[in-house]
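Work through the exercises below with the coordinates open. Try each task before reading its solution.

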Amino acid sequence: MCIRAETGMKQNKKIAVTGGIGSGKSTVLNMIAERGYPVLSCDRIYSELAERPEFIAKLCRHFGDITDGCGRLDRKKLSEIVFGDREKLAALDEITHPAIYNEMFRRAAAYDKICFCEVPLLFESGAQSLFDGVIVVLRDASDRMAGAAKRDNVPEEAVKRRMASQFDYDNGDFAEYYVIHNNANLAQLQEEVETTLKRIEDEYTFKET
C-alpha cells in the first residue's frame, strides 16, 4: 500500500477507530466529535472519491463499465463483480485503500490536535501501523448481528455472512490498543469513551513534553 506523507503541514496524532459491523463505531465517533475533536470517516471519503470522474475512470479500466449510464459509479454493479472473487476484490482494495488513506491523512494533517479516523477495515487492510493509536469498539456478536440487521433492514443471516468475512473481533488480541466495550446502555458507553479520551489525552500530552 503506497501512502504519501504530507509535508509542510501541521503535525498531529491520528487515532483510528475500528470494530466489527454493528459494534457502534459511528456512535463512538459522534461522542468524540461532541468533545470538539475532528473526526474523519473512510466510508464518507470513499463516497466522495466515487463521485470523481478520474477515480471512476480508473475503476472502469480495471473492471469494465461499472457506471450507471450517466457516468456515475454504480456501486452495486461493482460489488457484484468483486463479490466472491478474491483476486478482483484484492485488485479493488489496491485501488481504493491507498486513495482513501491518502485523502484521509491529507485532511488529518490540517489539524493541530488529535484527529480520530473511523476505519471499518483497519485490520483487514493491515493499516494499523499507519496510525499513532487504535481504538477498538467491541460488542457481543449476537448484539452486533441484531443491531446491524435492524439498522440495514436486512435478515440476520445476511449480517452473519458479512461478519464471517471480517476480522474475528471475538477472538482478537487487542492488548496494545485502546478498547471500548459497547455492551450496556448509552450512558455506560459515554463513560467508556470519556475514560479512553482521558487516557489518550494524557499520553499525547506526555509525549509532547
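The exercises that follow concern a predicted model.

**Exercise 1. The nonpolar core**

Task: Find the largest nonpolar core and state which helix gives the largest share of it.

Solution.
- Start with the count. The largest nonpolar core holds 35 residues.
- Next, look for its best-connected members. Leu59, Met104, Val119 and Phe131 have the most contacts inside this core.
- Now assign the core to elements. At least two residues come from each of helix 2 (42-49), helix 3 (53-63), helix 4 (75-82), helix 5 (86-108), strand 3 (115-118), helix 6 (122-125) and strand 4 (133-138).
- Helix 5 gives the largest share, with seven residues.
- Then set the other core aside. It lies apart, has 18 residues, and includes Ile15, Leu189, Ile200 and Tyr204.
- Finally, take Leu59. Beyond its neighbours within four places in sequence, Leu59 contacts Gly64, Ile66, Leu73, Leu78, Leu92 and Ile95.

**Exercise 2. Helix 3 against helix 5**

Task: Describe how helix 3 and helix 5 pack.

Solution.
- Take the geometry. The two helices pack at about 165 degrees, and their axes are 11 Å apart.
- Classify the angle. Angles over 145 degrees count as roughly antiparallel, so helix 3 is roughly antiparallel to helix 5.
- Add the handedness. The crossing of helix 3 and helix 5 is right-handed.
- List the contacts. Helix 3 brings Phe55, Lys58, Leu59, His62 and Phe63; helix 5 meets them with Lys88, Ala91, Leu92, Ile95, Thr96 and Ala99.

**Exercise 3. The surroundings of strand 3**

Task: Which strands pair with strand 3, and in what sense?

Solution.
- Begin with strand 1 (residues 14-19). Four bridges join it to strand 3, in the parallel sense.
- Pick out one bridge there. Val17 has Glu118 as its partner in strand 3.
- Move to strand 2 (residues 39-41). It runs parallel to strand 3, with three bridges.
- Here Ser41 stands opposite Glu118.
- Last, check the faces of strand 3. Cys115 and Cys117 are buried on one side, and Phe116 and Glu118 are buried on the other.

**Exercise 4. A positive phi**

Task: Where does Asn153 sit, and is Asn153 buried or exposed?

Solution.
- Recall the background. Most residues other than glycine have a negative phi.
- Read the angle. Phi of Asn153 is positive, near 55 degrees.
- Locate the residue. Asn153 is in the loop between helix 7 (141-152) and helix 8 (156-164).
- Judge the exposure. The cut-off for exposed is over 50% relative accessible area. Asn153 has 72%, so Asn153 is exposed.

Conventions: Residues numbered from 1 in each chain as written. Predicted model: local features only at pLDDT ≥ 70, side-chain atom pairs only at ≥ 80, totals over all residues. Heavy atoms only, no water. Core = buried A, V, L, I, M, F, W, Y, C linked by side-chain atoms within 4.5 Å. Buried < 20%, exposed > 50% of the residue type's maximum accessible area, 1.4 Å probe, protein only. Contact = heavy atoms within 4.5 Å. Pairing = 2+ DSSP bridges. Axes fitted to C-alpha atoms, helices over the stretch in contact; angles between N-to-C directions. Parallel < 35°, antiparallel > 145°, perpendicular 65-115°, else oblique. Left-handed = near helix turned anticlockwise from the far one by under 90°.
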